[in-house]
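This report examines selected side-chain interactions and the burial of the residues that take part in them. The sequence and structure are shown first.

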Amino acid sequence: MIENIRKFLKNNKLDALLVNSTNEFLVEYNRLEENSRYTLTGFSGSTGDAVVTVDKIYLFVDGRYHIQADNEVNHDMVTVVKLQTGETQLKKICELLPKDSTLGVVSAKNSQKQIEALEKHFQLKLLDTDPIEKGAITKETPDTAVDEKLAGKSSDEKIKMLRSKFGEKDAILISNLEEVSYIFNLRNYTTPYSSKISKRAIITQTDAQLFAKEDFEAYKKTIAAIEGKIYIDKSTINGRDFLLVGSKAAYFDKSPVMQMKAIKTEAEINHYIEAFKKTDLALKATRDYIENTDNISEADIAQRLEEEFIKYGAIGLSFKSIVAKDQNSALAHYSKCSKEEIIKDGSLVLIDCGGYYEGGLATDITRVFVKGTPNALQKKVYTTVLKVFLNSFHAVPTNGFEIDDNARKIFAKNPIEGFVFNHGLGHGIGISVHEYPPNLSCGEIAKVPIEENMCFTIEPGLYNQEHFGVRLENSCYKKDGKIHSFVHMNYEKKLIDFSLLSEQEKIWLEEFEVI
């Protein structure tokens with residue numbers, strides 16, 4: 001394959017080719033059979049692109065995937081570029097490629113915002129087709145409607161609100177699948193770990209149309225027929241579609257759909273409360289299975305976990321469950337769940353999981369268990385992470401940047417040699433398990449205010465690939481100026497060194513069940 005790609009570079013007079021993990025809808029969790037970056041590198045993580053030059057393949061991964069990428073790629077072919085906290089993929093690409101290099105970019109697999117950022121550094125050649133994509137086709141099952149009692153607002157109400165934002169001859173084009181699914185109160189579970197429908201939307205003052213991938217010609221004709229402005233979001237529309245809109249393009253200061261979707265209705269909050277009760281039950285049952293069953297593997301636990309989710313009413317999982325023992329738990333997004341990794345006495349097991357229920361909103365929780373008796377290091381790391389969670393949970397929820405910054409300060413005051421916290425403190429949740437806003441990290445995007453009824457995770461962690469990793473994650477929401485937890489799954493008393501907790505932290509811990 002690599003020889004053919006380099007012939008492609010030569011034939012198209014390219015110095016490099018950007019190879020994306022996503023599809024034309026710019027989704028985070030793309031099917032591996034449609035993921036060109038996976039086809040090229042063998043790295044199966046949800047995010048991170050690659051760049052091919054005449055003599056190198058660079059794979060860019062953030063802190064969640066440093067170890068996983070090292071384990072999955074052929075290092076004779078692929079150079080893993082490990083982004084550190086606060087570093088961007090664009091910055092590293094600019095460091096590795098000479099300025100004004102001619103870079104091939106697949107227009108349908110990059111947002112217009114990313115294309116414009118790349119244009120500041122390189123000579124871009126926009127490609128109509130992806131030279132790596134295999135062209136896999138998956139037959140979609142029918143979309144399903146979300147009951148208005150769970151959504152809190154009808155699709156007509158949401159569309160009416162959008163129409164108040166633009167003129168008589170104008171339109172809004174929505175290409176973000178979470179936003180389309182939200183506006184039309186529709187879900188689809190064809191793709192594993194997703195509830196999104198795979199359609200774009202164009203809304204005018206008189207019509208609201210959905211366009212699947214195969215409706216591309218009708219989609220183009222509809223865009224061409226609009227007489228006025230077409231409102232778009234450069235961060236979610238791909239470069240190919242942006243060219244179709246052309247001079248009609250107009251912009252909101254903030255995406256009205258993104259803001260509507262981020263602030264959950266009371267019905268959505270109530271549905272989430274019920275969904276997390278079921279999520280707690282599924283994970284508690286799996287915890288008991290680990291405690292009371294010998295000679296089981298990571299794969300056995302993952303299978304039992306999925307069975308418990310379905311038993312307690314889940315339509316499907318909201319992402320591939322992470323079941324990781326000992327050193328594997330140091331991989332923040334470990335995904336193998338191996339049959340060979342057998343749980344033994346003293347084994348630490350990290351489980352990160354979630355499900356979709358009838359409302360099509362993703363749940364997300366992480367807990368850590370130990371089979372039998374924990375050792376002193378396991379207790380110290382677990383308790384330190386718990387300390388950071390408790391303080392973050394009781395922070396004033398102004399914005400995610402401040403909460404993340406405070407968490408890092410607590411970690412810095414309580415260092416454990418060799419253990420690092422190398423990812424953001426949390427993310428928004430909703431139709432997708434990772435949504436924005438809000439965001440809890442040290443990035444600029446985390447400086448947006450956390451508003452009432454916004455939903456997000458708090459998930460501090462510490463990792464050492466020679467030992468293990470601990471992450472404790474609760475999904476939360478802001479209500480009446482405070483943070484509230486959807487999750488009520490217990491913490492492990494045998495893993496807590498209470499001497500490391502302050503009196504205030506012990507009082508806070510009483511809010512959560514400790515077994």
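Arg287 counts as buried in this predicted model, with a relative accessibility of 11%. The cut-off for burial is a relative accessible area under 20%, so the value of 11% for Arg287 falls on the buried side. Arg287 forms a salt bridge with Asp288, in which the closest N and O atoms are 3.4 Å apart. Asp288, by contrast, is partly exposed, at a relative accessible area of 38%.

**Salt bridges**

The structure holds 37 salt bridges. Three of them are set out below.

| Acidic residue | Basic residue | Closest N and O atoms |
|---|---|---|
| Glu87 | Lys91 | 4.0 Å |
| Asp288 | Arg287 | 3.4 Å |
| Asp404 | Arg408 | 2.6 Å |

In the bridge between Glu87 and Lys91, both partners are partly exposed: Glu87 has a relative accessibility of 26%, and Lys91 has one of 41%. Asp404 is buried, at 1% relative accessibility. Asp404 and Arg408 both belong to helix H15, where a spacing of four residues means that about one helical turn separates them.

Salt bridges also join into a network, whose members are Glu24, Arg200, Lys213, Arg240 and Asp241. Arg200 has a further role in the list of contacts, for it lies over the face of Tyr219, at 5.3 Å from the ring centre. A second arginine is placed over a ring as well: Arg367 lies over the face of Tyr491, 4.2 Å from the ring centre.

**Aromatic pairs**

How many aromatic pairs does a search of the whole structure find? The search finds 16. In one of these, the ring centres of Phe411 and Phe421 are 5.1 Å apart and the planes meet at 45 degrees, so the pair is classed as tilted. Phe411 is part of helix H15 (residues 400–413), whereas Phe421 is in the loop between H15 and strand E19 (426–428); the pair therefore ties together parts that are ten residues apart in sequence. Both Phe411 and Phe421 are buried.

Tyr477 and Phe486 provide a stacked pair, with 4.4 Å from centre to centre and 25 degrees between the planes. Tyr477 is buried, at 12% relative accessibility, and Phe486 is buried too, with a relative accessible area of 3%. These two residues belong to a cluster in which ring pairs link Tyr272, Phe276, Tyr477 and Phe486.

**Helix H8**

Why is helix H8 described as largely enclosed by the rest of the structure? Helix H8 spans residues 177–184, and eight of its eight residues are buried, which is the basis for that description. The buried residues are Leu177, Glu178, Glu179, Val180, Ser181, Tyr182, Ile183 and Phe184; charged Glu178 and Glu179 thus appear in the list beside Leu177, Val180 and Ile183.

Both ends of H8 have a local feature. At its start, a side-chain oxygen of Asn176 comes to within 3.1 Å of the backbone nitrogen of Glu178. Just after the helix, Asn185 adopts a positive phi of about 50 degrees.

**Asn20 and its surroundings**

Asn20 is located in the loop between strand E1 (16–19) and helix H2 (36–41). Is Asn20 buried or exposed? With a relative accessible area of 2%, Asn20 is buried. Its side chain takes part in two polar contacts described here: one of 3.3 Å with the side chain of Asp49, and one of 3.0 Å with the side chain of Asn110. Apart from neighbours within four places in sequence, Asn20 is in contact with Asn35, Ser36, Arg37, Asp49, Lys109, Asn110 and Gln114.

**Leu150 and its surroundings**

Leu150 is found in helix H6 (residues 148–151). Its relative accessible area is 21%, so Leu150 counts as partly exposed. When residues up to four places away in sequence are set aside, Leu150 touches Ala267, Glu268, His271, Glu358 and Gly359. Leu150 and His423 are 273 residues apart along the chain, and a distance of 33 Å separates their C-alpha atoms.

Conventions
Residues are numbered from 1 along each chain as its sequence is written. This is a predicted model: local features need pLDDT of at least 70, side-chain atom pairs count only at pLDDT 80 or more; totals for chains, interfaces and linings use all residues. Side-chain values use heavy atoms; hydrogens and water are left out. Rings of Phe, Tyr and Trp (its six-membered ring) pair if their centres lie within 6.5 Å; planes under 30 degrees apart count as stacked, over 60 as edge-to-face and the rest as tilted. Helices (H or I, at least four residues) and strands (E, at least two) are DSSP runs, numbered from the N terminus. Buried means under 20% relative accessible area, exposed over 50%, partly exposed in between (1.4 Å probe, protein chains only). A charge sits over a ring if NZ of Lys or CZ of Arg is within 6 Å of the ring centre and within 35 degrees of the ring normal. A polar contact is a pair of N or O atoms within 3.5 Å; within protein, one must be able to donate a hydrogen and the other to accept it, and residues adjacent in sequence count only if both atoms are side-chain atoms. A salt bridge is a side-chain nitrogen of Lys or Arg within 4 Å of a carboxyl oxygen of Asp or Glu. Contact means heavy atoms within 4.5 Å.
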